[in-house]
Amino acid sequence: MKRVLSSVIFVLVTVLFTAGVASAIDLTTPAFKANEKIPAKFSCDGQNTNPAFNFSNIPAGTKQLVLTMHDPDVPKTLLPSGNFDHWFVWDLPANSKGIAEGAGAVIGMNGTGKPGYIGPCPPDRQHRYFFRLYAVDIPLQGKMFKDRAAVEGAIKGHILAQSELIGLFDKAKKSGQ
């Protein structure tokens, strides 16, 4: 009896672990590694263009991909939520392999109320920038979302897999500071 129970538990753990691995999605960029500095080129100190991103390991059944970028480290005196939306794109085809550098996909309003990418530009210290890629089982073509929270609300319960890549940035100090 013990042997059968042990075998059943082993099979269940294996299946659950394999299912977890199968639902992983990969998000990388040649511009920086996870938890490292985002090059100034992609910020307000540089060209303010988006870095290239690579997507892989997209699960079967994916209808669309959604990419978001936000900064959760904004001083609450500047923005009560403490979050600033830098970019979000929701109309990416399921077979997309990524986004080119400078593509600046214009779907989605950033925190300034304008469409497209706006790079890191922290007002006070080093901030973290969260890039999230979602594989969803619903089509989102033709839909409009006012902010990241709205698109994340729309995909809630429809996420097949997701990945997160964090980059860091501290705005260059001007001379005399």
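This passage walks through a predicted model, starting at one strand and moving outward to the cores, a helix and a buried arginine.

A good place to begin is strand β4, which spans residues 64–71 and has eight of its eight residues buried. In a regular strand, side chains alternate between the two faces of the sheet. The pattern is easy to follow here: Gln 64, Val 66, Thr 68 and His 70 point one way from β4, while Leu 65, Leu 67, Met 69 and Asp 71 point the other way, and all are buried.

Strand β4 has pairing partners in β5 and β7. With β5 (residues 84–93) it runs antiparallel, and seven bridges join the two; within this pairing, His 70 is matched with Asp 85. Strand β7 (residues 127–136) is likewise joined to β4 in the antiparallel sense, over seven bridges, and here Leu 65 has Ala 135 as its bridge partner.

These strands also take part in the largest nonpolar core, a set of 22 residues in which Leu 27, Phe 53, Phe 55, Leu 67, Trp 87 and Phe 131 have the most contacts. Two or more core residues come from each of β3 (53–56), β4, β5, β7 and β8 (159–169), and β7 gives the largest share, with four residues. Leu 27 offers a closer look at this core: beyond its neighbours within four places in sequence, its contacts include Phe 53, Phe 55, Leu 67, Phe 131 and Leu 165. A second, separate core has 10 residues, among them Tyr 134, Leu 140, Val 151 and Ile 155.

Val 151 and Ile 155 lead on to helix α2 (residues 148–155), where the buried residues are Arg 148, Val 151 and Ile 155. Viewed down the axis of α2, these buried residues fall within an arc of 70 degrees, so they line one face of the helix. An α-helix has 3.6 residues a turn, so residues three or four places apart point the same way. The buried residues of α2 pack against β4, β5, β7 and β8. Just after the helix, Gly 157 takes a positive phi of about 85 degrees.

The last stop is Arg 132, which lies in strand β7. Its relative accessibility is 18%, and because the cut-off for buried is under 20%, Arg 132 counts as buried. The side chain of Arg 132 makes a polar contact of 2.6 Å with that of Glu 164. Leaving aside neighbours within four places in sequence, Arg 132 is in contact with residues including Leu 27, Val 66, Leu 67, Thr 68, His 70 and Glu 152.

Methods: Residues numbered from 1 in each chain as written. Predicted model: local features only at pLDDT ≥ 70, side-chain atom pairs only at ≥ 80, totals over all residues. Heavy atoms only, no water. Buried < 20%, exposed > 50% of the residue type's maximum accessible area, 1.4 Å probe, protein only. Pairing = 2+ DSSP bridges. Core = buried A, V, L, I, M, F, W, Y, C linked by side-chain atoms within 4.5 Å. Contact = heavy atoms within 4.5 Å. Arc of directions from axis to C-beta. Polar contact = N/O pair within 3.5 Å; in protein donor to acceptor, adjacent residues only side chain to side chain.
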